[in-house]
Amino acid sequence: MNTSSRPRAAGASLEEPVERLWEAVAAMDEHAATELVLRMLDEGIPAESVLLDVIAVVQGRVGQEWASNRLSVAQEHAATAINDRAVTAVSLHPTARTAANRGRVTVACVDGEWHALPARLLAEVLKLRGWRVDYLGAQVPTPHLISHLHNTRADAVALSSSLATRLPTAHAVITACQAIGVPVIVGGAAFGPEGRYAKLLGADAWAPDARAAADRLISSPLPLPSPDHQQVDDLPHLADQEYTMVTRTGATLVQTVFAALEDSFPVLRDYTDAQRERTAEDLAHIVEFLATALYLDDDELFTWFTTWTAEILQARGVPAHSLLPALDLLSRELKDFPRAVRMLTAAAHTLTAAISTAAGNPV
């Protein structure tokens, strides 16, 4: 601890340390980043505030800069890794050592979810609040999570996911935890605005961020789940098999649409191999999100993803209207799936209106 530091006044603005941490992260300067957060702790800023009001804010900016194409994927990964090490530095500081005098919570990411920093932040906040925490990290296979719960008798599971495409897996995890009597609180961008998908998937609680999750766990015990809860009870529309069929045939669907896209979008013929590879990846993401929207029966999710993808493509110099032929081809291939066609049509309509508005044309 740096005993020469002067205490920071309570309620002082954190804008300056946020900007300085961002500068360190953007410069990939791990030492500057960790020295900064340790100095903040020495100055008397609570560890929880350093984690959530500084590091988490900077991590949010990392995502925004990537979306705007001002950070490459590699730079985004490096920045995230530095923020993760800054979290470690905070957790090891003497002011962050708190006795575990509450229950036991397991914090984990859904299988297939690599964005672990939000879960890591929650784990550290729960430790600061006096919980015994088992942090399992990213991409936790469901059988291993259940085995861990059997062995540790945790009071609750905090499940994190950032990508909506992980929600079908999250649903299975929630149900499996509840089947052995362990309640589940969920959080992360995947669960939608106001946690709309958390309730749909039968989670016992939802929180918009780590601070709210910690408050919820402290306020009262989570309700004990019903052990006979079944996934099919939550989503009866899955009986039409559209989700299952699109998921099973996804790879073939991408190949078919990609091949036909050369006629519907001739400029594709002049793409480099790297551009063609990214186009195929974009198609795969579209099909994956369509499948997730079918799972949830939520048109808005697919429309949001299509609009977001158009913005990402535009930031990288690809016109938004390039998505429309792909949506049309998918509608033709899935003509026997009424919910899929409905979602594709709605997304194309919204995207067309957005393009017209951006061009200054009346809708």
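**Exercise 1. Count the disulfides, then explain the count from Cys109 and Cys177.**

Step 1. The structure holds 0 disulfides. A disulfide here is a pair of cysteine sulfur atoms within 2.5 Å.

Step 2. Take Cys109. The closest cysteine sulfur to its own is that of Cys177, 13 Å away, which is too far for a bond.

Step 3. Now start from Cys177. This residue is in no disulfide, and the nearest cysteine sulfur is that of Cys109, at 13 Å.

Step 4. Check the surroundings of each cysteine. Cys109 has 1% relative accessibility and counts as buried. Cys177, at 0%, counts as buried too. Buried means under 20% relative accessible area, exposed over 50%, and partly exposed in between (1.4 Å probe, protein chains only).

A note on the model: this is a predicted model, in which local features need pLDDT of at least 70, side-chain atom pairs count only at pLDDT 80 or more, and totals for chains, interfaces and linings use all residues. Residues are numbered from 1 along each chain as its sequence is written, and side-chain values use heavy atoms, with hydrogens and water left out.

**Exercise 2. Sort the residues of helix H6 into buried and exposed, and find what covers the buried ones.**

Step 1. Locate the helix. H6 spans residues 142-152. Helices (H or I, at least four residues) and strands (E, at least two) are DSSP runs, numbered from the N terminus.

Step 2. List the buried residues. They are Thr142, Leu145, Ile146, His148, Leu149 and Thr152. They cover an arc of only 160 degrees around the axis, so they sit on the same side of H6. The arc is that of the directions from the helix axis to the C-beta atoms.

Step 3. Turn to the other side of H6. There, Pro143, His144, His150 and Asn151 are exposed.

Step 4. Find the cover. It includes strand S1 (104-109), strand S2 (132-137), strand S3 (156-160) and helix H7 (167-179). Contact means heavy atoms within 4.5 Å.

**Exercise 3. Describe the length, the kink and the packing of helix H3.**

Step 1. Compare the span with the expected value. H3 (residues 47-67) has 21 residues and reaches 29 Å from first C-alpha to last, close to the 30 Å expected at 1.5 Å a residue. The expected span is 1.5 Å times one less than the number of residues.

Step 2. Look for a bend. H3 has a kink of about 30 degrees, centred on Ala56. The bend at a residue is the angle between axes fitted to the seven residues ending there and the seven starting there.

Step 3. Pick out buried residues. Among them are Ala47, Val50, Leu51, Ile55 and Val62. Polar names appear in the list as well, including Glu48, Gln59 and Glu65.

Step 4. Name the partners. The buried residues of H3 pack against helix H1 (15-26), helix H2 (30-42), helix H4 (73-92), helix H5 (117-128) and helix H9 (210-219).

**Exercise 4. Find residues with a positive phi and place each one.**

Step 1. Recall the background. Most residues other than glycine have a negative phi.

Step 2. Begin just after H6. Arg153 is not a glycine, yet has a positive phi of about 55 degrees. Arg153 lies in the loop between H6 and S3. At 72% relative accessibility, Arg153 counts as exposed.

Step 3. Move to Asp297. Its phi is positive, near 55 degrees, and it is not a glycine. Asp297 lies in the loop between H13 and helix H14 (299-315). With a relative accessible area of 31%, Asp297 is partly exposed.

Step 4. Add Asn69. This residue comes just after H3 and has a positive phi of about 65 degrees.

**Exercise 5. Describe the largest nonpolar core and two threonines of helix H13.**

Step 1. Size the core. The largest nonpolar core has 65 residues, and Leu167 and Phe302 have the most contacts inside it. A nonpolar core is a set of buried Ala, Val, Leu, Ile, Met, Phe, Trp, Tyr and Cys residues joined through side-chain atoms within 4.5 Å.

Step 2. Find the main contributor. H13 gives the most to this core, with 10 residues.

Step 3. Look for another core. One of 52 residues lies apart, and Val18, Leu21, Leu41 and Ile185 are among its members.

Step 4. Take Thr279. This residue lies in H13 (residues 273-296) and is buried at 15% relative accessibility. Not counting residues up to four places away in sequence, Thr279 touches Phe258, Leu261, Leu268 and Tyr271.

Step 5. Finish with Thr292. This residue is also found in H13 and is buried, at 2%. Leaving aside neighbours within four places in sequence, Thr292 contacts Ala164, Thr165, Pro168 and Leu301.
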